[in-house]
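Open your viewer, switch to a cartoon view and colour by chain. We will go from one selection to the next, and at each stop I will tell you what is there.

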Amino acid sequence: MIKLVQHTLQRELTLAYRRRADLLNPLFFFVLVVSLFPMGITTDLDKLTEMSGGVLWVCALLASLLSLDLMFRNDFEDGSLEQMLLSSAPPQVIVLCKIFCHWLVTGVPLTLLSPLLSIMLALPGHALPVLMASLLLGTFSLSLIGSIGAALTVGLRKGGLLLTILIMPVLVPVLIFGTSTVQAIVLGLAWPGYLAFLGAFTAGAFALAPWLTVAALKVSVCD
Amino acid sequence: MNPKRKQRLILILLGVCGLTVAVFLVIFALRQNLNYFFTPLEISNGAAPSEQVIRAGGMVLPGSIAREDGSLVVNFKVTDYAAIIDVKYDGILPDLFEEGQGVVVIGKLDDNGLLTADSVLAKHDETYMPPEVTHALEQAEKAAK
Amino acid sequence: MWQLFVRWFHKWSSPKWFYEMSKPWSFWLGWAALLITTTAIIWGLGFAPVERLQGNSYRIIFIHVPSAFLSEAIYVTIAIAGAIGLIWRIKLAYYVAKICVPLGMSMAFLALATGAIWGKPTWGHWWVWDMRITSMLILLLLYIGLWALHNAMERPESGDRAAAILALVGVVNIPVIKFSVNLVTTLHQPATLKFTEKAPMHISMLIPLLLSILGFYLAFLALMLVRSRIEILRRERKAKWVQQEIEQLGNR
């Protein structure tokens, strides 16, 4: 089992490294869209502070969605996905490794970019650690839930937009818990509760998503 | 145990762990004061934030209801038998709002300690009070002893 | 006793049995639904008393409440049917899950639209981010996702299974959505809106409302049966009994 995990992680990271140009897209998107908000809405710093948590979260979510389709598509097209499902290895472990790698190359860089962008949105400095913690958990949730959507749409030609439509309702609680956490700390109120809810959702998604993703992959591969 | 079954077992344990962590986190989160509910005692002690929407609850103090002529504005006092707060509400009070009955008001506290309520929720008899109010009243009774 | 139940349960795996069994049901349910719903709507719109605070604008409640209840009930139906399909591989369950999606979608949309029409004279706003309204919007999005997934898959059988998985994801998430939206709406209370407290309803308004709810549910059952029958004919078209049936229907 350990060898399987090691091997899969290595494979995924190597493949990701080979398409690193693609992986910069979500980061550029993040920076771009966050910049649009002050330009489009208001440059008043107090109003920006109020909005900062929400804007950062929404943009981070949308940016992560961009690279979600790639989780299974390449493997589906060259047939290795089918091999993975047929092999004696438990597919849930393989899926978890893929999800973890997706998070490492998308969610974590976005989180690391967020301090820079939070300055642009006048987020108070003391809120930054909590913002980053919430983004780390939230993007991991997104990778987990998104994998189900990616698995459902991998066999379809124009899967990308459909993927977003499918999982958006399920992401609403993640967004709400995440932004509430940041807004709570910005307003000086109790934030651990909201972060705990976010953590609970992530833990629940961690427990359930791999099974659902594998079921969805089996449907897509047999299409 | 054959290896396949062992793998399955590990996977299921992993899943159960995830769910357990989720449940614990939810329980932890629910114990936090997310609803920003404050008793009159806490408000008079300055524990409640101003300029933030909070909930406050207790009993409507008998004899404290005063309506302003020509508008819907009504001033009344809410107590938990340990402290009293002033509430001002502009709107139609619920049918079940009465002196000596349990009430929850949602609104903002200003610097003078006046709570300007956006909404007033009332329940009829004492056994059907919102649990927050019952709990708060019990606490106040204990503190008074 | 258990054997009887198991045998009855397995009958449902035969689309042909269902097709024949459902004919009289769909007929009678359909007429009952039409009768009851018409009575309820006419009673509610024309004869129920004028409401104390809201005047006549509350009357839309006779359409708004049933459609809201029904949209949620239909989603649960779809999730259960999908689960039965996935676990016991009963095709009929998949057919029912598929045809209920547009029904649920239209109910959710109707609930939101009638709610907006009610909200404007009552609160002064077409739209408000209240917990129930936001949850209903998300329910509508879930329905749209199900419908899109069914249409996107190449083979209908794959669409069935994929949509069943998606429906399960959604149904598990609905309590979470309601809870999380509740957190947000109590945290950021809109400062200018006052929701009048719901007084317990007078019996003269309650009866047409209950009647309307009953009528809507019966209409849903009737439509579900009719649409399932059509879906069976469509999916099982290679079977001999279907081809005979289609000939008969064509000759009428």
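Start by selecting residues 194–217 of chain A: the span is 100% helix and 0% strand, and its end C-alpha atoms lie 33 Å apart. Keep in mind throughout that this is a predicted model.

**Chain A: the annotated spans**

The stretch you just selected is one of those that UniProt, in an unreviewed entry, labels "transmembrane region" in chain A; the others are residues 21–42, 54–72, 93–121, 127–154 and 161–188. Select residues 21–42 of chain A next. Here the chain is 91% helix and 0% strand, with 33 Å between the end C-alpha atoms.

**A salt bridge inside chain A**

Now show side chains for A:K98 and A:D75. These two form a salt bridge, and their closest N and O atoms are 2.5 Å apart. The pair ties together distant parts of the chain: A:K98 sits in helix α6 of chain A and A:D75 in helix α4 (residues 70–77), 23 residues apart. Over all chains, the structure holds 14 salt bridges.

Move on to the loop between α6 and α7 of chain A, where you will find A:A122. What is the sign of phi at A:A122, a residue other than glycine? Phi is positive there, near 60 degrees. For context, most residues other than glycine have a negative phi.

**Where chain A meets chain B**

Show chains A and B together. The contact takes 21 residues from chain A and 21 residues from chain B. The area buried between chain A and chain B is about 1800 Å², and carbon and sulfur atoms give 80% of that. Select A:L189, A:F197 and A:W211 as sticks: this trio supplies 26% of the area that chain A buries against chain B, more than any other three residues.

How many salt bridges does the rule find across the interface of chain A and chain B? It finds zero. The search for residue pairs in polar contact across the interface of chain A and chain B, with both residues at pLDDT 80 or more, also gives zero.

To see which helices of chain A take part, highlight α6 (91–120) and α9 (192–221), each of which supplies at least two residues of the side that touches chain B. Helix α9(A) gives the most to that side, with 12 residues. Colour the side of chain A that touches chain B by residue type and you will get 16 nonpolar, five polar and no charged residues.

**Chain B on its own**

Hide chain A and select residues 9–30 of chain B, which the unreviewed UniProt entry annotates as "transmembrane region". Over these residues chain B is 100% helix and 0% strand, and the end C-alpha atoms are 31 Å apart.

Then go to the loop between β4 (73–79) and β5 (84–90) of chain B and pick out B:Y81. Phi of B:Y81 is near 65 degrees, a positive value in a residue other than glycine.

**Where chain A meets chain C**

Bring back chain A and add chain C. This contact takes 25 residues from chain A and 26 residues from chain C. About 2400 Å² is buried between chain A and chain C, with 79% of it from carbon and sulfur atoms. The count of salt bridges between chain A and chain C is zero, and so is the count of residue pairs in polar contact with both at pLDDT 80 or more.

Highlight α7 (128–153), α8 (159–187) and α9 of chain A, since each supplies at least two residues of the side that touches chain C. The largest share of that side, 11 residues, comes from α8(A). By type, the side of chain A that touches chain C divides into 20 nonpolar, two polar and three charged residues.

**Chain C on its own**

Finish with chain C alone. You will see eight helices and zero strands, and the C-alpha atoms fill a box of roughly 65 × 40 × 40 Å along the principal axes.

Select helix α3 (residues 61–88) of chain C: its 28 residues reach 40 Å from first C-alpha to last, close to the 40 Å expected at 1.5 Å a residue. Just after α3(C), look at C:R89, which takes a positive phi of about 55 degrees.

UniProt's unreviewed entry marks several spans of chain C as "transmembrane region", including residues 25–48 and 95–119. Residues 25–48 of chain C are 96% helix and 0% strand, with end C-alpha atoms 32 Å apart. For residues 95–119 of chain C the figures are 100% helix, 0% strand and 37 Å between the end C-alpha atoms.

Terms used
Residues are numbered from 1 along each chain as its sequence is written. Chains are lettered from A and ligands numbered from 1 in the order in which they are written. This is a predicted model: local features need pLDDT of at least 70, side-chain atom pairs count only at pLDDT 80 or more; totals for chains, interfaces and linings use all residues. Side-chain values use heavy atoms; hydrogens and water are left out. Contact means heavy atoms within 4.5 Å. Buried area is the accessible area (1.4 Å probe) that two parts lose on being put together, summed over both. A salt bridge is a side-chain nitrogen of Lys or Arg within 4 Å of a carboxyl oxygen of Asp or Glu. A polar contact is a pair of N or O atoms within 3.5 Å; within protein, one must be able to donate a hydrogen and the other to accept it, and residues adjacent in sequence count only if both atoms are side-chain atoms. Helices (H or I, at least four residues) and strands (E, at least two) are DSSP runs, numbered from the N terminus. Ala, Val, Leu, Ile, Met, Phe, Trp, Tyr, Cys and Pro count as nonpolar, Asp, Glu, Lys and Arg as charged, and the others, Gly among them, as polar. UniProt positions are given in the numbering used here, feature names are shortened, and annotations may be inferred rather than shown by experiment. The expected span of a helix is 1.5 Å times one less than its number of residues.
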